[in-house]
Amino acid sequence: MAILAANWKMNGSLALVQAFAETKMHFAHSAHELLFFPPFPLIQALQQAFEGAPSLQVGAQNVSQYEAGAYTGEVSAAMLAEQGLSHVLVGHSERRLYFGETNDIVAVKALRAQAHGLVPVVCIGESLAERESGQTFRVLNAQVQALAEAEVQLRDGLLLLAYEPVWAIGTGLAASPAEISQVHAHIHTCLAELVDESDSTISILYGGSVNANNIEAILAAPHVAGALIGGASLKVDEFSRMAV
Ligand code: PGA
């Protein structure tokens with residue numbers, strides 16, 4: 001069983017929620033664990049749409065680094081937990097790129113999530129320039145190290161990692177299964193150095209141009225626990241084919 005996480009980003013509407021509601025029993029019988037990350041205003045509607053299908057989990061795409069108070073426009077981990085959410089995306093490359101989220105901010109957000117019983121799905125990955133200059137492992141090490149230094153609990157069940165090379169997101173150019181396996185193996189090695197070996201079994205998802213045609217090969221690659229899916233998760237038909 002793999003974890004398939006649908007990241008709707010700033011897309012979707014009540015009509016899309018309705019379309020997923022109509023396909024809910026198909027999703028409920030998926031061999032995979034399904035997580036949905038709609039935009040904030042659609043969270044409650046999607047939860048209601050999935051009533052009676054407890055295997056379908058809903059999460060948020062972002063959480064504030066602050067606990068509570070005068071932070072206009074922010075949503076706290078406590079609010080997400082009260083809403084009954086299980087997971088939250090943290091440090092997606094779009095958050096890092098467009099909203100200035102540094103490794104340290106990402107780590108604080110992961111801490112806040114864990115403090116409220118949410119599982120942060122922490123996204124890491126290198127840009128094209130970093131890959132081409134041979135910096136991939138150095139960048140990933142720094143991203144993982146920042147989590148460890150902030151004392152984020154790097155334990156299976158308390159955190160998920162998503163390896164999302166920036167050059168593969170939304171480009172139609174997914175990393176190859178061999179490239180993904182190599183990087184995931186490296187991340188596991190990095191984790192093993194940072195945490196007690198017995199705890200370094202964190203599941204690592206791959207994200208970046210995953211679709212119905214390439215998902216099988218990606219999920220079959222060693223060290224891949226699942227996929228974080230953007231564009232293809234907005235198409236009910238295509239996502240249904242992936243979530244068999
Ligand atoms: P994509 O996005 O599947 O559209 O490439 C993945 C992501 O950004 O999580």
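The following questions and answers concern the salt bridges of this predicted model.

User: How many salt bridges does the structure hold?

Analyst: Side chains of opposite charge can pair when their charged atoms come close. A pair is counted here when a side-chain nitrogen of Lys or Arg lies within 4 Å of a carboxyl oxygen of Asp or Glu. On that basis, the number of salt bridges in the structure is seven.

User: Is Glu 101, which meets Arg 95 in a salt bridge, buried or exposed?

Analyst: The side chains of Arg 95 and Glu 101 pair with an N to O distance of 3.0 Å. A residue is buried when its relative accessible area is under 20%. Glu 101 has a relative accessibility of 5%, so this residue counts as buried.

User: How many residues apart in sequence are the parts that Arg 131 and Glu 179 tie together?

Analyst: Arg 131 and Glu 179 form a salt bridge, with 3.7 Å between the closest N and O atoms. Arg 131 belongs to helix H7 (residues 128–132) and Glu 179 to helix H9 (residues 177–194), so the parts tied together are apart in sequence by 48 residues.

User: Which residue of the salt bridge between Lys 235 and Glu 238 counts as buried?

Analyst: The closest N and O atoms of Lys 235 and Glu 238 are 3.7 Å apart. Lys 235, at 49% relative accessibility, counts as partly exposed. At 12% relative accessibility, the residue that counts as buried is Glu 238.

User: Which residues are joined into one network by salt bridges that share partners?

Analyst: Arg 95 and Glu 101 meet in a salt bridge. Through shared partners, salt bridges join into one network the residues Arg 95, Glu 101 and Lys 109.

Technical notes: Residues are numbered from 1 along each chain as its sequence is written. This is a predicted model: local features need pLDDT of at least 70, side-chain atom pairs count only at pLDDT 80 or more; totals for chains, interfaces and linings use all residues. Side-chain values use heavy atoms; hydrogens and water are left out. Buried means under 20% relative accessible area, exposed over 50%, partly exposed in between (1.4 Å probe, protein chains only). Helices (H or I, at least four residues) and strands (E, at least two) are DSSP runs, numbered from the N terminus.
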